Amino acid sequence: MNCLVLFGVLLISHQFSVGLLLKRYSCDNYVLSWCQLHNVTIQSDRDLQMVEFPKVLQIGFLNGSIPHFSHLMNLGLFKAGVLRVFARGTKISRLTLPNTIEQLYFRDNDIISVDIEPKTKYSMKYLRIHINKLRDISNLRSLVNLVELNLCDNLIEHVSFDTFAGMTYLKQLLLCGNRIKTISTALNINLPNLYHLDLSGNFLFNGTFLARWYFPRLGNFSLRDNLLTRLDVRMFSDRFTLLKILDVEHNPLDCDTYQQLLKLVHQRKIIYNVDKRVCAIPPTILPRFIPTGNELDAAQGGGDLHQQIKQLKERIYQQVKIINSQRIEIQQLQANLSSLMEQFDLVADTAAHVNDPF
């Protein structure tokens, strides 16, 4: 009898200890086929020894705290078969990049540093670490399989484009909303697949960094909200032959650059955003000669006819003015729509069938 009681006590204590040692997470809910886990808290690698993640392909962490998204954390996700991860609002200061994850989306996490092993081969194709606190991104050069890289809204002040030299599959590079003052390039940078480049919302004051860029498929380029006064427009014409959308609004461009840009966008039919400047019209684009009222009277000898022509010209002028204004509005809407589609819908090609919660 005593043996049975002792066995029962041991069994209960074993079950209780197992319950304490192992925490099995289950999906709180699904959004667009992503398993979401709310308020996960893992303070150290020791906690990970007591954690088991759900066996899913796509997992998301909302809020919570994981100060170091470590190698052991990545190993736990790998064992669960996870290939795509997002974390939104989860407090993470240090991220060790996993080499088995294809898509990684980190938003608003307070990430300060990203650990990458230079000799490791990474499967990463889509990487977004935006609204975080990164300052140095030079170690990302190992991610040569990237198709999309979004580092918007961090604390980056200097970028060496040599970091991206090996990313020949890259289609979208977003560096908007940082504090970038300088861009350096020691090598000729040839990104044959780059379509969308966004450097808006920084502190760039010259465009000399364009000199060693060769982006033959660049279609959407934004330099909006910088401090640019001068650009070499010939480089836009020679290097970016497929450019469709150009946004240089909110820059103090000088008149020479402004006039060259206008000439380029009209010749190439590029959708553009640029602040209107009051500049002298260059002789090459002076309006054609229009006869004065006296000359019309002398030629046609009729005051009534002259008045009718004057009224007709005024009506035509007003109509053209309205049409031009509407055309500019349409172009701006098209540019904004295209930019939004690319930012939120570019998980394309091989990943088109995967629903992206962002």
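**Strands, salt bridges and cut-offs**

Modeller: An open sheet of 12 strands runs in the order S2-S3-S5-S7-S9-S11-S12-S14-S17-S19-S20-S21, with mixed pairing. Its edge strands are strand S2 (29-31) and strand S21 (271-273). Neighbouring strands of this sheet are turned by 10° against each other on average, direction ignored (axes are lines fitted to C-alpha atoms, for helices over the stretch in contact, and angles run from 0 to 180 degrees between N-to-C directions). This is a predicted model, in which local features need pLDDT of at least 70 and side-chain atom pairs count only at pLDDT 80 or more, while totals for chains, interfaces and linings use all residues. Residues are numbered from 1 along each chain as its sequence is written, and side-chain values use heavy atoms, leaving out hydrogens and water.

Biologist: What makes S2 and S21 edge strands?

Modeller: Each of the two pairs on one side only. Two strands count as paired if DSSP finds at least two bridges between them. The strands themselves are DSSP runs (E, at least two residues), and helices are runs of H or I with at least four residues, both numbered from the N terminus. The protein chain has seven helices and 21 strands.

Biologist: How do you know that S3 and S5 are paired?

Modeller: Strand S3 (residues 34-38) is joined to strand S5 (residues 58-62) by four bridges, so the pair meets the DSSP rule. The two strands run parallel, and His 38 has Leu 62 in S5 as its bridge partner.

Biologist: There is also an open sheet of three strands, in the order S6-S8-S10 with parallel pairing. What makes S8 and S10 a pair there?

Modeller: Three bridges join strand S8 (residues 94-96) to S10, so this pair passes the bridge rule as well. Thr 96 stands opposite Asp 115 in S10. The edge strands of this sheet are strand S6 (68-69) and S10.

Biologist: Now to charges. Why is the meeting of Arg 24 and Glu 52 called a salt bridge?

Modeller: Side chains of opposite charge can pair when their charged atoms come close. The rule asks for a side-chain nitrogen of Lys or Arg within 4 Å of a carboxyl oxygen of Asp or Glu. For Arg 24 and Glu 52 the N to O distance is 3.3 Å, so the pair qualifies. By this rule the count comes to 11 salt bridges.

Biologist: Why is Arg 24 called exposed, and why is Glu 52 called partly exposed?

Modeller: Buried means under 20% relative accessible area, exposed means over 50%, and partly exposed lies in between (1.4 Å probe, protein chains only). Arg 24 has 58% relative accessibility, so it counts as exposed. Glu 52 has 34%, so it counts as partly exposed.

Biologist: What makes Lys 133 and Asp 110 a salt bridge?

Modeller: Their closest N and O atoms are 3.7 Å apart, so the pair falls within the salt-bridge limit. Lys 133 lies in the loop between strand S11 (126-130) and strand S12 (148-150), and Asp 110 in the loop between strand S9 (103-107) and strand S10 (113-115), so the pair ties together parts that are 23 residues apart in sequence. Lys 133 is partly exposed at 39%, and Asp 110 is partly exposed at 25%.

Biologist: Which residues are linked with Arg 224 in a network of salt bridges?

Modeller: The network links Arg 224 with Asp 225, Asp 247 and Glu 249. Within it, the side chains of Asp 225 and Arg 224 meet at 3.6 Å, N to O. Asp 225 is partly exposed at 34%, and Arg 224 is partly exposed at 23%.

Biologist: How do you know that Ser 184 is partly exposed?

Modeller: Its relative accessible area is 29%, so Ser 184 falls between the buried and exposed cut-offs. Ser 184 lies in strand S15 (residues 182-184). Not counting residues up to four places away in sequence, Ser 184 touches His 158, Val 159, Ser 160, Phe 161 and Asp 162 (contact means heavy atoms within 4.5 Å). Ser 184 and His 158 are 26 residues apart in sequence and 7.9 Å apart in space, C-alpha to C-alpha.

Biologist: And what share of the residues in the protein chain is buried?

Modeller: Buried residues make up 41% of the 358 residues.
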